Structures are given as C-alpha cells and as structure tokens.
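Me: I am new to this structure and should like to learn how to read its features one at a time. Could we go through them together?

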Amino acid sequence: MRAYIFPGQGSQSVGMGQALAQASATARAVFEEVDEALGQNLARLMFEGPQDELTLTENAQPAIMANAIATLRVLEKEAGIALADKADFVAGHSLGEYSALCAAETLDLATTAKLLKLRGQAMQAAVPVGEGAMAAILGASRELAQEIADAAAEGEVCTVANDNDPSQVVISGHKGAVERALPIAKEKGAKRAILLPVSAPFHCPLMQPAADAMADALGQAAMKPPIVPVYANVTAAPVADAAEIRALLVQQVTGMVRWRESVAAMAEAGVTHFVEFGGKVLGPMVKRIAPDVNVTSVISMDDIEALVKEI
C-alpha cells in the first residue's frame with residue numbers, strides 16, 4: 001500500500017519548481033493556473049525570489065502547494081500514472097492537507113490556491129507581529145511537551161501545535177509564554193528547545209480569527225468527495241465526506257497537527273511506501289515514526305522518472 005504526502009510551511013525556497021517548469025509543459029500549466037487564480041505572478045516569486053517575500057505566509061502557502069501539485073501532475077499526465085491507481089491514502093502537513101485534497105480532487109487547483117492565499121493572510125492578521133511565537137521541543141514526547149507548555153503558560157496561551165515525530169514536538173502561543181517554556185523544557189529533560197523563525201503562532205487558540213475567516217471561505221468553496229481517503233491533521237484518521245473535511249479544515253487552524261499519529265495510523269493500515277511530493281521535509285519524520293517503511297521524495301524530473309520505475 002502507498003500514501004502520497006505533501007509538505008507544509010518551511011519547505012519553500014527560491015528556485016522551487018523552476019527546473020520542473022522548464023522541463024514540463026504540464027508543470028508550467030499548473031503554475032500559470034495558480035497565477036491566474038491569485039492575480040499575481042507567484043511563479044516568478046518562486047523561481048527568482050526574493051526569499052523574504054516568498055517566506056511571507058500568504059505567498060509560501062500557495063507556492064508550496066503549487067510546487068507539490070505540479071510534481072504530481074507531471075507524474076499523472078506525462079507518465080500516465082493516476083493517483084487513484086497507485087495511492088491508497090493522501091495526507092499533508094498543515095497547509096499540505098490542502099495539497100492532499102487538491103491531489104484527491106476534492107478541491108480544484110484554483111480554489112485550493114485562493115483558499116491558501118486567504119488562509120495565509122488570515123493567519124498573519126490573527127495575531128500582531130511580535131505577540132506570538134513557536135518553539136520546537138526536541139527529545140520530548142507530546143505529553144511532556146504539553147506539560148512544559150502548561151507550566152510556562154501562566155494565564156497566557158501555550159500549547160502543543162505540531163506532534164511531528166517521536167523526536168520533535170512544536171509548541172505555540174503568546175511570545176512570553178513560549179519563551180518561558182525554553183528553560184522549563186531543559187529542566188524537565190528535553191534535549192533542546194528552540195524558538196522557530198515564524199511570523200505567527202500557528203495551530204493554537206490565538207488563531208481563532210483565522211479559523212472564522214476559513215469557515216466562511218470553506219463554506220462557499222465547492223468540494224467533492226476525495227477519490228482516495230485523506231488522513232486529517234486534527235483526527236489522524238481517514239475522512240471521505242466533504243462536509244466533514246470542511247469542518248476539520250476549520251478546526252485545523254487552531255488545532256494540533258497530529259502528524260506522528262497520522263503516519264503511524266497509515267503504517268498500521270498497511271502503508272509500506274510513502275511518497276512526498278515537492279519536498280524532502282516529511283520523509284525524515286516518516287522514517288523516525290515508522291522505520292520499516294520506504295520513503296521517496298519527488299521534486300525533479302529525475303525523481304519522477306525514478307518513481308515511475310519504482311511503482
């Protein structure tokens with residue numbers, strides 16, 4: 001069994017998708033459709049930068065999705081390998097869940113791009129810059145990370161945002177609380193605690209205004225049942241009903257990304273091969289969660305050709 005997986009924020013870099021676009025008309029068509037949907041030249045920003053503009057949440061989110069979907073479309077259209085024939089499940093990390101839903105034909109490409117642009121803008125606007133923060137707690141279980149967050153909160157928001165893999169949990173909340181968590185983490189036995197270079201405290205209750213904005217947008221978005229089940233971030237379980245997907249995407253804005261549990265559940269369900277499209281971020285996490293599975297990262301034309309031979 002095989003799962004197609006899609007990376008989240010942090011996987012963006014200047015030059016992303018450029019070689020693929022030069023080599024493939026299919027990839028170019030994806031970037032052009034996203035540009036048209038957004039009314040901006042996102043492809044040029046992806047290919048040429050500047051990095052600080054690409055890293056802005058409202059640009060990074062649709063860019064990462066476009067890059068992943070372009071890679072998938074080349075596999076599907078130029079190699080003739082349909083997702084429904086080769087993937088049993090799809091899943092994505094945070095914004096990657098939207099890429100997964102686009103891959104599974106629940107959302108069309110233009111709608112996905114617009115939703116992610118709005119999601120990025122709404123998440124950035126939810127908390128003034130400098131008021132929120134996120135930190136990675138290394139060498140701590142989710143339970144220990146939550147204990148650290150609770151001890152640091154002191155009446156402010158501080159909670160687990162991402163349960164990434166057995167070695168990495170991310171906390172999110174008010175800046176003061178997250179900063180207080182760093183020495184507490186060391187006291188409680190974590191290996192390291194590092195502030196992350198993010199512009200907002202994602203996946204915590206401070207994101208409620210963004211969740212409200214996404215509820216409105218998702219309520220109006222056309223959705224179809226996915227052609228393969230999608231593992232949802234907030235439940236770590238497969239979902240196939242469009243109304244439920246809508247509700248879970250709203251919850252995802254303030255809720256925890258249960259990536260470790262999602263991968264473990266897919267492996268438990270029989271998945272032996274995880275294929276990451278458009279990045280090399282999730283693969284190492286997957287191997288730490290399920291050491292016996294095979295992981296393939298697909299970014300370039302060479303990667304796509306190698307995958308064709310493999311599957």
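**Reading the features in turn**

Reply: Let us begin with a single residue of this predicted model. Glu105 is partly exposed, at a relative accessible area of 42%. Glu105 sits in the loop between helix 7 (96-103) and helix 8.

Me: What is the phi of Glu105?

Reply: The general idea is that most residues other than glycine have a negative phi, and most peptide bonds are trans. Glu105, which is not a glycine, has a positive phi of about 65°. Glu154 is another residue other than glycine with a positive value, its phi being near 50°. Glu154 is found in the loop between helix 9 and strand 4.

Me: Which peptide bond is cis?

Reply: The bond that runs from Gly49 to Pro50 is cis, with omega near 10°. Pro50 has its place in the loop between helix 3 (42-48) and helix 4.

Me: How should I approach the nonpolar core?

Reply: In soluble globular proteins, nonpolar side chains tend to be buried together. Here the largest nonpolar core has 79 residues, and those touching the most other members are Tyr4, Phe6, Phe31, Val90, Met207 and Phe277. Helix 5 (residues 57-78) is the element that gives the most to this core, contributing 11 residues.

Me: Which residues are in contact with Tyr4, leaving aside its neighbours within four places in sequence?

Reply: With those neighbours left aside, the contacts of Tyr4 include Leu72 and Leu75, as well as Val90, Val275, Phe277 and Ile311. Besides the largest core there is a second, separate core of 20 residues, with Ala133, Ile137, Ala153 and Ala181 among them.

Me: How is empty space found, and what is the volume of the largest pocket?

Reply: Rolling a probe the size of a water molecule over the atoms shows where empty space is left. The largest pocket has a volume of about 720 Å³. Its lining is made up of 33 residues, of which Gly8, Gln9, Gly10, Leu196 and Val198 are the closest to its centre. Sorted by kind, the lining residues are 13 nonpolar, 16 polar and four charged. Several elements each supply at least two residues of this lining, including helix 5, helix 8 (109-126), strand 3 (132-138) and helix 14 (282-289).

Me: How many salt bridges does a search of the whole structure find?

Reply: The search finds nine salt bridges. One of them joins Arg142 to Asp163, with the closest N and O atoms 3.6 Å apart. This pair links distant parts of the chain, since Arg142 is in helix 9 (residues 142-153) and Asp163 is in strand 4, 21 residues away.

Me: Are Arg142 and Asp163 buried or exposed?

Reply: The cut-off needed here is that buried means under 20% relative accessible area. Asp163, at 0%, is therefore buried, whereas Arg142, at 21%, is partly exposed. Both residues also belong to a network of salt bridges that links Arg142, Asp163, Arg258, Arg260 and Glu261.

Me: Where do the partners lie in the salt bridge between Lys188 and Glu147?

Reply: The closest N and O atoms of Lys188 and Glu147 are 3.2 Å apart. Lys188 lies in the loop between helix 10 (175-187) and strand 6 (192-195) and Glu147 lies in helix 9, so this salt bridge ties together parts that are 41 residues apart in sequence. Lys188 is partly exposed, at 34% relative accessibility, and Glu147 is partly exposed as well, at 42%.

Me: Which residue forms a salt bridge with Glu154?

Reply: Arg180 does, with the closest N and O atoms 3.5 Å apart. Arg180 is in helix 10, and 26 residues separate it from Glu154. Arg180 is partly exposed, at 26%, while Glu154 is exposed, at 61%.

Me: Where does Val169 lie?

Reply: Val169 lies in strand 5 and is buried, with a relative accessible area of 0%. The C-alpha atoms of Val169 and Arg142 are separated by 6.2 Å, although the two residues are 27 residues apart along the chain. Apart from neighbours within four places in sequence, Val169 has contacts that include Ala135, Ile137, Arg142, Val160 and Asp163.

Me: Is Ser262 buried or exposed?

Reply: Ser262, found in helix 13 (residues 259-268), is buried, with a relative accessible area of 1%. Not counting residues up to four places away in sequence, Ser262 touches Tyr231, Ala232 and Ala236.

Conventions: Residues numbered from 1 in each chain as written. Predicted model: local features only at pLDDT ≥ 70, side-chain atom pairs only at ≥ 80, totals over all residues. Heavy atoms only, no water. Core = buried A, V, L, I, M, F, W, Y, C linked by side-chain atoms within 4.5 Å. Buried < 20%, exposed > 50% of the residue type's maximum accessible area, 1.4 Å probe, protein only. Helix = DSSP H or I, 4+ residues; strand = E, 2+ residues; numbered from the N terminus. Contact = heavy atoms within 4.5 Å. 1 Å grid on protein atoms, 1.4 Å probe; cavity = no way out; pocket = protein on both sides within 12 Å on 5 of 7 lines; lining within 4 Å. Points joined across faces, edges and corners; volume = space filled by probe spheres on them. Nonpolar A, V, L, I, M, F, W, Y, C, P; charged D, E, K, R; others polar. Salt bridge = Lys/Arg side-chain N within 4 Å of Asp/Glu carboxyl O.
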